[in-house]
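Reader: I have a model open and want to learn how to read it. Can we go through the empty spaces, then the helices, then the sheet?

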Amino acid sequence: MEFKTVIEPFRIHSVEPLKLTTHSQRKTIIEKAGYNVFNLRSEDVMIDLLTDSGTGAMSKSQWAALQNGDESYAGSPSWQRFDSAVKNLFPFNNVIPTHQGRAAEKILFSILGGPGKVVPSNTHFDTTRANIEFTGAKAVDLVIEQGRNPQSLHPFKGNMDVEKLHDLIEEIGSEHIPIVMMTVTNNSGGGQPVSMENIRETSQLCHRFGIPFFLDGCRFAENSWFIQERESGYSQVPISDIVKEMASLADGMTMSAKKDPLGNIGGWLAMNDDTLAKEARRLLILTEGFPTYGGLAGRDLEAIAVGLTEAISQDYLDYRIASTRYLGHALHDADIPVVLPIGGHAVYIDARSWLGHLSPLQYPGQSLCVALYVEGGIRSCEIGTVMFGLQPDGKEVPAAMDLVRLAIPRRTYTQSHIDYVVEVCLKLKDIITSLPGYTITSEPEPLRHFSARFAPLV
Ligand SMILES: *Cc1c(COP(=O)(O)O)cnc(C)c1O
């Protein structure tokens, strides 16, 4: 690129005022919130990097499309537009709308899961894993070794370990593996991409054993951008063709439209198998609704249909990845430890290493989250011992890593917002060794990280 500035390929059309707070106000607010950023009112947050899920800005075309929403119960034209927009990129025979990605997962695994079944993936997202385990089946993560090392610079750290998958199939028998999933990009692994070669090899292996191969396609557009950037033979291939090639290797997919499809809500389940689709539609009616709207209003279907065309725009994706990278590299250049290479939708700070004066059971990630809020009004998300440390037997063990995720909502913050985030992190550098550890004062199970209350250790 000729210029260094990440110019946003849009200008502001309607603004959402941010309430600016002071350091001393935030100290009081976070204390009242039990030192848990999930307990904050969002209006007390200045830069909200809690998640990129459903938090992006819609374009004026999407807002205009809402007015085309046809709320007919069955056979609405909004459904036709949604169905065509999805099939244009993912030409599966059956598209089944749902209110979110997890609803698609719930339906899929209610049919294919059950005790004695094993569902492999590169890395299951937590709702995917939870939906699989809820049926009594086992969820297995088979990401390549480099994907587990925060410092490895492998270009496709989201790749499946195809050899391990092969061994697993041989060991337990294909009849116990009803489906293989592939998460693109690999969210839980740091938003790391999967190569087309790896998708193809995984697909071929599955098909050799007669196992259906599905994509968890939430960040399909970002993954395609990385293929275009890093995989030989793809630098001149348009994003839409890369998406279609990924889809052609799969038998179906689950999707959260709150991610790359640029919706605030929505999702779908898609597949070629008509028998499976018939069963899925039967379950859909029980919880989501009629097959031409799923859990969605006609206007949501319209917004997603338009969002899908914008998600594959080269200018948008160039900006999207560049702006995430901009933040990540600024932190890295300042010797703040981050997971490398920088992924598509978030920057992950290695809090265990940065707050080396705290032991994992003093929750270094939680401490950093609190400090980011108090110093700068920034909301982030602990992904570490608070989230994963509590074992089913009530024992507490350190998680594999203590990370703090700065997730970037799509098209929402400008470069000056991000410069501000960098500045706050630089300021934290000076006081990092004085940040306290935390103890949990109350923790409702399960998923304690959402509502636990903390106190600083003095
Ligand atoms: C968000 C997400 C889901 C679940 O989607 P929801 O819309 O939040 O239910 C599934 N898989 C991945 C990879 C995700 O990022």
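Author: Let us start with a small space inside. This is a predicted model. Its second largest cavity holds about 60 Å³ of space.

Reader: Which elements give two or more residues to the lining of the second largest cavity?

Author: Start with the residues. The lining includes Gln366, Cys369, Cys381 and Glu382. Now place them on the elements. Two elements give two or more residues to this lining: helix 14 (364-376) and strand 11 (381-383).

Reader: How do the residues of that lining divide by class?

Author: Val37, Phe38 and Cys369 are among the lining residues, and Val, Phe and Cys count as nonpolar. Glu382 also lines the cavity, and Glu counts as charged. The full division is six nonpolar, three polar and one charged.

Reader: How many cavities of 30 Å³ or more are there?

Author: The cut-off is 30 Å³. The second largest cavity has about 60 Å³, and the largest has about 90 Å³. The count comes to two.

Reader: Which helix supplies the largest share of the lining of the largest cavity?

Author: Two helices each supply at least two residues: helix 12 (314-333) and helix 16 (415-431). Tyr319, Ser323 and Tyr326 are among the lining residues. The largest share is three residues, and it comes from helix 12.

Reader: Helix 8 and helix 12 come within 10 Å. What is the angle class of helix 8 to helix 12?

Author: Helix 8 covers residues 220-230. Its axis crosses that of helix 12 at roughly 85 degrees. Angles of 65 to 115 degrees form one class, so helix 8 is, relative to helix 12, roughly perpendicular.

Reader: How many charged residues are in the contact of helix 8 with helix 12?

Author: Look at both sides. Helix 8 brings residues including Glu222, Glu229 and Arg230, and helix 12 brings residues including Asp318, Arg320 and Arg325. The contact also has five nonpolar and two polar residues. The number of charged residues is six.

Reader: Which strands stand at the edges of the open sheet of five strands?

Author: Read the order: 2-8-7-6-5, with mixed pairing. Each edge strand has a single partner strand, so one side is left without a neighbour in the sheet. The edge strands are strand 2 (94-98) and strand 5 (180-183).

Reader: In strand 8, what is the bridge partner of Thr98?

Author: Strand 2 pairs with strand 8 (residues 267-271) in the antiparallel sense. The pairing runs over five bridges. The partner of Thr98 in strand 8 is Gly267.

Methods. Residues are numbered from 1 along each chain as its sequence is written. This is a predicted model: local features need pLDDT of at least 70, side-chain atom pairs count only at pLDDT 80 or more; totals for chains, interfaces and linings use all residues. Side-chain values use heavy atoms; hydrogens and water are left out. On a 1 Å grid over the protein atoms alone, a cavity is a set of points where a 1.4 Å probe fits but cannot get out, and a pocket is an open set with protein on both sides within 12 Å along at least five of seven lines; lining residues have an atom within 4 Å of a point. Grid points are joined across faces, edges and corners, and a volume is the space filled by probe spheres set on the points. Helices (H or I, at least four residues) and strands (E, at least two) are DSSP runs, numbered from the N terminus. Axes are lines fitted to C-alpha atoms, for helices over the stretch in contact, and angles run from 0 to 180 degrees between N-to-C directions. Angles under 35 degrees count as roughly parallel, over 145 as roughly antiparallel, 65 to 115 as roughly perpendicular and the rest as oblique. Contact means heavy atoms within 4.5 Å. Two strands pair if DSSP finds at least two bridges between them.
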